[in-house]
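Colleague: Got a minute to walk me through this one? I'd like to hear about helices, rings and cysteines.

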Amino acid sequence: MQFGDLRGWIDHLRQAGELKEIDSEVDWDCELGTITRRAFGNGDGPALLFKNIKDYKSGRCTQLFTGGLSKYSRVAMMFGLPPDAPITDLVKAARKAYASRVPPVTVATGPVKENILKGDDINLFEFPVPRWHRLDGGRYINTMQGTVTADPETGRLNVGMYRGMIGKKNTLPVLLWRPQNWGQDFAKYNGQGKEMPVAFIYGWEPCLPFCASSPIPPDVSEYDVMGAIRGAPVELVDCETVPLKVPASAEIVIEGWISNDPSTFEMEGPFGEYTGYFGGDQCLKHTVRVTAITHRNNPIFRGTLEGTMPKMLNENSIMSSVQRAALAWNILERSGVPGVTDVHCPPANNGTTLIIQLRQTYRGQAKQAACAIWGSNAAHLRYKHIWAVDEDIDIHDYGALDWAFAYRVNAAEDDIVFFPGTFGSALDPSTRLKYRDTNMYGTGKWCRVLIDATINLDFEPEANYQGDRYPRSVMPEPQDWELVDSRWKEYGF
């Protein structure tokens, strides 16, 4: 599905009744973020276009768009599926896209070059960047952007999504972790004694933030996967001051360089993170020295509200639910784990919990699946807890999971397995703060858990159970269901 650019996507949402345009004056300082929080709701709210932002009624940029992917129906539309497509269909579409490649093409120029700012003309405060939460350490400009870096050895372009705030008018302090793809690129530049070039993209088709926030393998460019999602190559243009490429029809691009020299570091954090808690202490962190800004005429800034809580979902919640399930399913398939019939990540925890539905054919199958997931690079910030259930359990129904947990899990039979001392999220507040020191350890520390809620195949077949390992459930027999279904209206229902 191709939308052309952010404006094409917004028009598509407007026609589908998925967009709310806000003409009332809104303060960028906390009010805009609070409106967004309430509108996102439990993953059922509209996308939002703010058109009257305090202090930004005129000038370089006057509009802000958010929520483009904060509902499953809009993720379905991105894939070209019906808005009411089941979540499993979205996961299957993402699996296909992750396994496909459509390389980008380079063009001479594009709308993003309509305005080019350098030197003293650079001023990040000319863009309506919100303070999303009152306790945020600053105005976070990098929330739904694509961060472009390159592998200096292979030239592979990476497009990731990493947080960053406005420092000075021309600086952007960021959270840079070694295990992330751009952290690996940065380590290579640092090994060569060089600064790393970086470009930030704000506003393009929805496949850009979707892919940027996906843990795509380090040797694969997200531009190739974006092309697969949209069914056509991404058209790229060269940046002005860094050796990188960005979409020609992006709304805004910020270019710069990032150094490992502590004298260049600025204060960053905390930030209302995906966990639903404020994370990342306020301290000196790597900072981007901005060398150019290019943007379209009348650009639309693209940002989003982070932080998931019960009944308070957001774009990251919904995207992670699809992304992390699709990637996990692909990992299981590549690892040779048989019998996987469905995979789900509940949106409330952003992929921290993974649920695998299995058709069991041998004992230990659930443990094999968990080991395959935990041994992958995709498990860095996700998949802390894994559930495995049989194929008769609806993995999208918490009630069904609770029933399986109640009557198929016996801790004394090794149905609950702990995997301590593994790498994990440095933003998870359930890990003691001293073990989340990324400067010392490079990552956080997790004890991962498998809940094997499948029927235990170590149980012997029992005569009392008609030769099965488990007693029969109380589900009516098929012929009884058919009889009652045929007479349902006759009963007066």
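Modeller: Sure, we can take the topics one by one. Keep in mind that this is a predicted model.

Colleague: Start with α7. How many of its residues are buried?

Modeller: Helix α7 covers residues 222-230, and 8 of its 9 residues are buried.

Colleague: Which residues of α7 are they?

Modeller: The buried ones are E222, Y223, D224, V225, M226, G227, I229 and R230.

Colleague: And what does the backbone do just after α7?

Modeller: G231 comes there, with a positive phi of about 75 degrees.

Colleague: Switching to the surface. Which residues form a nonpolar patch?

Modeller: L483, W488, Y491 and F493 do. Together they have about 460 Å² of accessible area.

Colleague: Where does Y491 lie?

Modeller: Y491 is in the segment after α12, the helix at 478-487.

Colleague: Why does Y491 count as partly exposed?

Modeller: Because its relative accessibility is 37%, and partly exposed runs between the 20% and 50% cut-offs. W488 is also partly exposed, at 40%. F493 counts as exposed, because its value is 64%.

Colleague: Rings next. How many aromatic pairs does a search of the whole structure find?

Modeller: There are 12. One of them is W488 with Y491, an edge-to-face pair. Their centres are 6.1 Å apart, with 80 degrees between the planes.

Colleague: What about W488 and F493, and why is that pair stacked?

Modeller: Their planes are at 10 degrees, so the pair counts as stacked. The ring centres are 4.1 Å apart.

Colleague: Which rings are linked into a cluster?

Modeller: F79, Y98 and F210, through ring pairs.

Colleague: Which ring does the charged end of K445 sit over?

Modeller: The ring of Y435, at 4.7 Å from its centre. R448 has its charged end over the ring of F423, 5.2 Å from the centre.

Colleague: Last topic, cysteines. How many disulfides does a search of the whole structure find?

Modeller: The count is 0. For C30, the nearest cysteine sulfur belongs to C61, 19 Å away. For C61, the nearest is that of C239, at 18 Å. A disulfide needs the sulfur atoms within 2.5 Å, so neither C30 nor C61 is in one.

Colleague: Is C30 buried or exposed?

Modeller: Buried, because its relative accessibility is 5%. C61 is buried too, at 1%.

Key: Residues are numbered from 1 along each chain as its sequence is written. This is a predicted model: local features need pLDDT of at least 70, side-chain atom pairs count only at pLDDT 80 or more; totals for chains, interfaces and linings use all residues. Side-chain values use heavy atoms; hydrogens and water are left out. Buried means under 20% relative accessible area, exposed over 50%, partly exposed in between (1.4 Å probe, protein chains only). Helices (H or I, at least four residues) and strands (E, at least two) are DSSP runs, numbered from the N terminus. Patches are made of residues with over 30% relative accessible area and no salt bridge: like charges are joined within 9 Å, nonpolar side chains (Val, Leu, Ile, Met, Phe, Trp, Tyr) within 5 Å. Accessible areas come from the Shrake-Rupley method with a 1.4 Å probe; for residues, only the protein chains shown count as cover. A salt bridge is a side-chain nitrogen of Lys or Arg within 4 Å of a carboxyl oxygen of Asp or Glu. Rings of Phe, Tyr and Trp (its six-membered ring) pair if their centres lie within 6.5 Å; planes under 30 degrees apart count as stacked, over 60 as edge-to-face and the rest as tilted. A charge sits over a ring if NZ of Lys or CZ of Arg is within 6 Å of the ring centre and within 35 degrees of the ring normal.
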